[in-house]
Amino acid sequence: MSMIRTDLALEARDLAGTPPGVESEETVREGWPLTTVRVTSAQGAKAIGKPEGTYHTLDLAALAKREENAFPRAVEALRSILAPLLPSDGAPVLVVGLGNRAITPDAVGPRAADRVLVTRHLVELAPSQFGTFRPVAALAAGVLGSTGMESAELVRAVSDKLALAAVIAIDALAARKVERLCATVQVCDTGISPGSGVGNHRFSLDAESLGVPVLAVGVPTVVDGATLCADLLEEAGSGIDPRTIPGSTLMVTPRDIDQRVEDMAKVIAYGVTLALQSELTLTDLEALLE
């Protein structure tokens, strides 16, 4: 028996029918639809298969159409979601890009980490010029098969060394709906389990394992083959129970995944950086990074 697979809280909520202990709210942020799902009890967490916490899902579908001002609006919307979740004391934050940069659908984390403005060394070496910046470090943790180390082991070691205030983990996810691939960003305060999107669960990165708050930023880049078949059959009204479809190791991704991942990585990197460095504008950031 195969269960429908999704890492998005709003899709899990839809599948469960908004059970007790799960609240949701629909708003708009910078012109983009925003769905906020709050899991408020153990009963709700069990019903949708997500830890207790808050999950924001930003719909950026129009970004791929290159609509006017779509990029700056997307960056500002993500910044406005992340900024209130970060500690306000200015202590160091580590941005971790999870995933395998050699596999495009899994590369959004490393590519985003590459674009984040890192400042920890500048603050330490030249405080008179950069003392107003929050110290930020970035790490592309790689994958177990190429490093021989769990991502969580690397992040835990760095976290202990740097005395962090928080960790922001960026990773690729799996969605139920094809139209959400590289078109939504999920931000949550519950941490993340690297590899969960493709069913390859590793040790979790969360407040319990690291001792500091962990914010997770995820982009769905794949749909599980069996989940896709189940969804299409359900939409066609076939009458077949989706959960009876045999399991599959097939993962489906858009044909223009290279450009989509690059676009989403840039949006996330810029949104994260502006959330961390409140005194910077997008124009400032483009001058520093481009």
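Select L60 first: in this predicted model, L60 is buried, with a relative accessible area of 2%. The residue belongs to the loop between β3 and α3. Displaying the surroundings of L60, with neighbours within four places in sequence left aside, brings up contacts with W32, A74, A183, T184, V185, M264 and V267. A distance label from L60 to T6 should read 18 Å, C-alpha to C-alpha, for two residues that are 54 apart in sequence.

**From W32 to the ring of F71**

W32, one of the contacts of L60, leads to the next selection. Add R73 and look at the ring of W32: the charged end of R73 sits over that ring, 4.5 Å from its centre. Next select F71 together with K266. K266 lies over the face of F71, and its distance from the ring centre is 5.2 Å.

Keep F71 on screen and add Y270. How many aromatic pairs does the structure hold? There are 2. F71 and Y270 form an edge-to-face pair, with 5.7 Å from centre to centre and 70 degrees between the planes. This pair links distant parts of the chain, since F71 is in helix α3 (residues 70-82) and Y270 is in helix α11, 199 residues away. Y270 is itself buried, at a relative accessible area of 0%.

**Helices α11 and α12**

Y270 also serves as the entry to a helix packing. Select residues 257-276 for α11 and residues 282-289 for α12; the two helices pack at an angle of about 115 degrees, and their axes are 11 Å apart. Their crossing is right-handed. On the α11 side the contact is made by Y270, T273 and L274, while α12 contributes L282, L285, E286 and L289. Coloured by residue class, this contact between α11 and α12 shows 5 nonpolar residues, 1 polar and 1 charged.

**Helix α1 and its end**

Move to the beginning of the chain and select residues 9-16, helix α1. Which residues of this helix are buried? They are A9, L10, E11, A12 and R13. To see what surrounds them, show β1 (22-29), β2 (32-39), α2 (42-48), β3 (53-59), β6 and β7, against which the buried residues of α1 pack. Then step to G17, which follows α1 and has a positive phi, near 75 degrees.

**R176 and C182, in one loop**

E11 leads onward to R176, for E11 is among the residues in contact with R176. R176 is placed in the loop between β6 (166-175) and β7 (184-188). Is R176 buried or exposed? It is buried, with a relative accessible area of 9%. Beyond its neighbours within four places in sequence, R176 contacts I4, R5, T6, E11, L15, V223, T227, D231 and E234. Now label P220: its C-alpha atom is separated from that of R176 by 9.1 Å, although the two residues are 44 apart along the chain.

C182 also lies in the loop between β6 and β7. Its phi is near 55 degrees, a positive value in a residue other than glycine. C182 is buried, with a relative accessible area of 8%.

**E30, for another positive phi**

Select E30, in the loop between β1 and β2. Here too phi is near 55 degrees, positive in a residue other than glycine. At 39% relative accessibility, E30 counts as partly exposed.

**Two strand residues to finish**

Continue into strand β2 and select R38. At 31% relative accessibility, R38 counts as partly exposed. Not counting residues up to four places away in sequence, R38 touches G21, V22, E23, E25, G53 and T54. A label between R38 and S24 gives 6.1 Å, C-alpha to C-alpha, across a sequence separation of 14 residues.

The last stop is D171, in strand β6. D171 is buried, with a relative accessible area of 4%. Add A107 to complete the view: D171 and A107 are 64 residues apart in sequence and 8.1 Å apart in space, C-alpha to C-alpha.

Terms used: Residues are numbered from 1 along each chain as its sequence is written. This is a predicted model: local features need pLDDT of at least 70, side-chain atom pairs count only at pLDDT 80 or more; totals for chains, interfaces and linings use all residues. Side-chain values use heavy atoms; hydrogens and water are left out. Helices (H or I, at least four residues) and strands (E, at least two) are DSSP runs, numbered from the N terminus. Buried means under 20% relative accessible area, exposed over 50%, partly exposed in between (1.4 Å probe, protein chains only). Contact means heavy atoms within 4.5 Å. Axes are lines fitted to C-alpha atoms, for helices over the stretch in contact, and angles run from 0 to 180 degrees between N-to-C directions. A crossing is left-handed if the near helix is turned anticlockwise from the far one by less than a right angle, and right-handed if clockwise. Ala, Val, Leu, Ile, Met, Phe, Trp, Tyr, Cys and Pro count as nonpolar, Asp, Glu, Lys and Arg as charged, and the others, Gly among them, as polar. Rings of Phe, Tyr and Trp (its six-membered ring) pair if their centres lie within 6.5 Å; planes under 30 degrees apart count as stacked, over 60 as edge-to-face and the rest as tilted. A charge sits over a ring if NZ of Lys or CZ of Arg is within 6 Å of the ring centre and within 35 degrees of the ring normal.
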